[in-house]
Amino acid sequence: MQSTDNITQANSSFLWERNAPASEEETQLFWKKLRHFYRTGEHSNDQEGPMSSALLSLLDNGEQAYPFMLGGDGAQSVIELEEKAPVHILNSLLKAHHKESRKSFKTQLSSLIAGLNQLLQIVDKPKKVEELKGNFDFANELIAFDKMVDLIPQGATEMLSAERTARLKTILSSLQEGLKLFNEQEGILVLEKGLKFAAKQKSLFEKVLIIETENNVFEDTQKLFAQQVKSFTALIKAYRIAKLEIDDEYNEAIHDEYFEHFTWYRLSPDELNLFQPVVLLVRQQHLFENLDSFSRLMASNQPVNILVLNHELISTPDNQMSWEDASHQFRQEIAALAIAHRNVYTFQSSMDKPLAVYEGLTNCLKSTAPSICHLSVPKDETETVADKALIAKAENASRYFPRVLYNPAKVSDWGGRFDLTDNIQPLEKWPAYTLDAATSDHTEVMIDVAFTYADYKAIYPEKAKELMIVPSAYYTEHLIPLNDYLDSDQTNLYGKIPYIWLIDKDHKLHRAAVPNVWVVSCQERLNYWQFLQELGGLNGYKAQTDLKEKNLEMTKKIEEERAQMNTERQQIIESAQKEAMAQAAEKLIAVLLDDEELTLDEVSPTKPIVEPKVAVAQQEEQAPIDKKETPPATVASISEKAWVESEECTTCNECIDKYPNLFKYNGEQQAYIEDPAKGTFEELVKAAEKCPAACIHPGMPLNTSEPNLDKLVKRAEKFN
Ligand code: SF4
């Protein structure tokens with residue numbers, strides 16, 4: 001796109017300087033070093049000043065996620081993106097946890113206590129007699145109070161047996177004890193000893209029982225839950241019996257046996273939600289070191305909530321590791337481990353969307369099964385070059401820390417339990433963006449980019465130093481974008497080096513080669529993301545394969561129809577030619593016999609034959625599919641092979657820069673396609689769409705197994 005200086009300056013955020021190509025010899029020398037770097041990661045630091053990913057600013061959509069206003073216990077609090085943010089949110093949630101239902105339960109407990117008291121007083125005949133005597137002492141001599149007690153209406157309640165009275169007294173005292181507990185505690189927080197920053201926040205939790213444990217936190221929490229839920233179960237048991245008693249529906253023959261074996265397993269979800277949440281705050285490392293007891297706790301189905309905080313900036317396997325080692329390591333994924341238990345409510349997120357974190361944590365606390373909330377939180381002392389909230393967003397975009405929601409209680413169908421839709425561009429492998437840059441001659445160029453895990457790592461200048469800058473003089477078609485590299489078959493990668501875009505302090509763009517160890521970790525992250533997509537029903541393998549097969553079938557059908565149409569057309573032309581020849585011969589004979597005048601044209605067998613329109617129309621009717629998908633009239637005029645109207649090319653570099661494998665300049669510095677087989681049909685269509693001179697014609701696909709062909713052919717139509 002050609003533009004004026006002003007517009008270029010206003011629209012383009014980046015400057016992309018291009019130098020004249022280096023000599024063949026220099027280029028070969030540079031590429032030798034580059035290939036060595038790719039394999040070993042070794043290079044002399046050639047970066048001028050600190051550089052970082054050019055893609056981070058593309059995530060900034062102007063929305064400010066922080067400070068986040070939180071309403072808790074009636075009071076508003078402000079959450080900033082800092083290490084203690086999750087603890088603040090947790091505190092607020094514990095205060096608000098089922099506040100209304102707990103309040104209404106307390107009211108019910110109070111009225112049950114009053115009802116039981118009343119029941120017990122009514123049956124206490126001597127006491128009632130004494131009370132009546134006190135009220136009517138002026139007529140002590142005249143009234144038979146014991147008879148009068150019998151006359152007082154007693155509703156449905158009858159005089160109770162000693163067993164019933166004892167039962168009523170027991171449940172009355174259980175209800176009174178339980179009510180006290182409800183007023184005293186909002187939750188139980190178990191802290192792994194050593195979690196210093198959490199310990200510092202202890203004063204935040206006013207009505208929460210805090211327990212620090214040195215041993216195995218999972219075993220300790222399991223025991224603690226069993227202990228605490230015992231008194232709560234006794235309360236619910238008393239509550240249920242009290243209701244039955246007051247309604248006079250307690251049937252000893254049925255209910256004695258039932259309540260004798262009443263454990264927390266019998267609590268309904270509503271009742272379980274009245275129980276104070278038990279939250280375990282633990283480090284990721286501790287969880288991995290105690291996987292067996294973590295798994296036992298999850299399998300126990302106890303509704304314990306585990307909050308795990310991740311402070312790692314990058315994935316573990318790729319830190320200071322050779323690519324051979326890295327390629328044999330996969331990051332352990334807490335969310336995947338939890339999901340493998342099937343019954344565990346699982347939420348994982350970076351802190352980019354505080355509202356999503358708030359809702360995820362809320363649902364963890366509400367879960368009546370075990371739950372786990374895994375959050376990636378920046379450390380306060382982390383020095384960053386950019387806004388922490390934007391980095392949190394990059395954690396999501398780069399698939400380093402995707403948002404995962406698995407709710408086993410939602411539906412019984414497996415796929416319906418997942419929600420990945422709140423991730424950035426959830427259907428894509430990597431989110432796609434466009435870098436808007438201006439070249440040194442003020443030409444505006446739009447560069448398609450993908451936000452990979454390598455782009456996330458390169459946000460940190462100390463990591464970006466591990467990359468090798470490729471000066472534009474050494475660009476060749478072997479330097480390819482990292483996402484394309486990750487997408488290609490091994491056989492197409494010989495000699496290729498992947499790159500990502502970096503930016504320096506002057507906003508100048510640089511292509512930076514990525515070493516193999518980075519490629520391996522990108523593959524690992526992509527692998528995890530695709531695993532999640534598959535679980536969540538996004539881009540599932542089966543669906544993709546079916547689609548590919550459908551595309552193949554359709555392309556085959558189109559080709560067959562087209563071939564048949566060409567044959568039939570050829571036959572019509574041949575028969576018309578024969579007919580014309582016969583007519584010409586007849587005419588010639590007539591002339592010879594009758595001396596009739598005729599011109600040469602009339603007898604020439606090479607006279608152009610006008611295609612019989614009716615016949616073609618019939619063909620169209622006989623081929624309804626072809627008529628809809630590729631109208632025969634168009635097919636006849638389309639060049640099937642991709643080509644460039646080179647004389648129209650404005651030398652804007654767009655196609656040359658993006659698809660150097662496909663497009664080259666001729667002697668007049670105008671683009672042409674060297675070999676369409678060197679790229680994909682998608683690349684040709686994209687190039688045609690971006691070409692400001694509209695002089696690229698993608699033709700028809702060469703590779704019929706390329707994905708999404710039906711859509712691409714449609715997109716290509718207007719350029720052919
Ligand atoms: S053919 Fe390529 S270089 Fe020429 S105008 Fe189109 S996009 Fe630009």
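This note sets out, in numbered points, the main structural features of a predicted model.

1. Overall composition. The chain has 720 residues, of which 32% count as buried. Its secondary structure comprises 29 helices and 22 strands. Among the contacts in the chain with a separation of 6 or more, 71% are made by residues 24 or more positions apart.

2. The sheet of 8 strands. This sheet is open, its pairing is mixed, and its strands follow the order S6-S5-S7-S8-S10-S9-S11-S12. The edges are taken by strand S6 (208-213) and strand S12 (418-419); each has a single partner strand, so one side of each is left without a neighbour in the sheet. At the S12 end, strand S11 (residues 404-406) pairs with S12 in the antiparallel sense over 2 bridges. Within that pairing, Tyr 406 stands opposite Phe 418.

3. Strand S7 and its partners. Strand S7 (residues 278-283) is largely enclosed by the rest of the structure, because 5 of its 6 residues are buried. Strand S5 (residues 187-192) pairs with S7 in the parallel sense over 4 bridges, and Ile 188 stands opposite Val 278 of S7. The pairing of S7 with S8 is also in the parallel sense, over 6 bridges. There, Arg 283 has Leu 309 in S8 as its bridge partner.

4. A helix across the sheet. Helix H3 (residues 85-96) lies across S5, S6, S7, S8 and strand S10 (371-376). Relative to S8, helix H3 runs at about 160°.

5. Helix H13. The buried residues to note in H13 are Phe 294, Leu 297 and Met 298. They are on the same side of H13, because they cover an arc of only 100° around the axis. The general geometry is helpful here: an α-helix has 3.6 residues a turn, so residues three or four places apart point the same way. The buried residues of H13 pack against helix H9 (217-246), helix H12 (284-289), S8 and H15.

6. Two positive phi values. Most residues other than glycine have a negative phi. Asn 301, which is not a glycine, nevertheless has a positive phi of about 65°. Asn 301 comes just after H13, in the loop that leads from helix H13 (291-299) to strand S8 (304-310). With 14 other C-beta atoms within 10 Å, Asn 301 is partly exposed. Arg 342 also has a positive phi, near 70°. The loop between helix H15 (334-340) and strand S9 (345-350) holds Arg 342, which counts as partly exposed with 13 C-beta neighbours inside 10 Å.

7. A cis peptide bond. Most peptide bonds are trans. The bond that joins Tyr 66 and Pro 67 is cis, with omega about -5°. Pro 67 is placed in the loop between strand S2 (52-53) and strand S3 (68-72).

8. The sheet of 3 strands. A further open sheet has the order S1-S13-S14 and mixed pairing. Strand S1 (14-16) and strand S14 (444-450) stand at its edges, each with a single partner strand, so one side of each is left without a neighbour in the sheet. On average, neighbouring strands of this sheet are turned by 45° against each other, direction ignored. Strand S13 (residues 432-439) pairs with S14 in the antiparallel sense over 7 bridges. One of the residues involved is Ala 432, whose bridge partner in S14 is Ala 450.

9. Surroundings of the ligand. Which residues come nearest to the ligand? Of the 16 residues around the ligand, they are Cys 649, Cys 652, Cys 655, Ala 671 and Cys 691. The shell divides into 12 nonpolar residues, 3 polar and 1 charged. Helix H27 (residues 654-658) gives the most to this shell, with 3 residues.

10. Helix H29. In helix H29 (residues 709-717), the buried residues are Leu 709, Leu 712, Val 713 and Ala 716. Seen down the axis of H29, these residues fall within an arc of 100°, so they line one face of the helix. Lys 711 and Lys 714 are exposed on the other side of H29.

Definitions and conventions:
Residues numbered from 1 in each chain as written. Predicted model: local features only at pLDDT ≥ 70, side-chain atom pairs only at ≥ 80, totals over all residues. Buried ≥ 20, exposed ≤ 12 C-beta atoms within 10 Å, placed from the backbone. Arc of directions from axis to C-beta. Pairing = 2+ DSSP bridges. Axes fitted to C-alpha atoms, helices over the stretch in contact; angles between N-to-C directions. Near = placed C-beta within 6 Å. Nonpolar A, V, L, I, M, F, W, Y, C, P; charged D, E, K, R; others polar. Contact = placed C-beta atoms within 7 Å.
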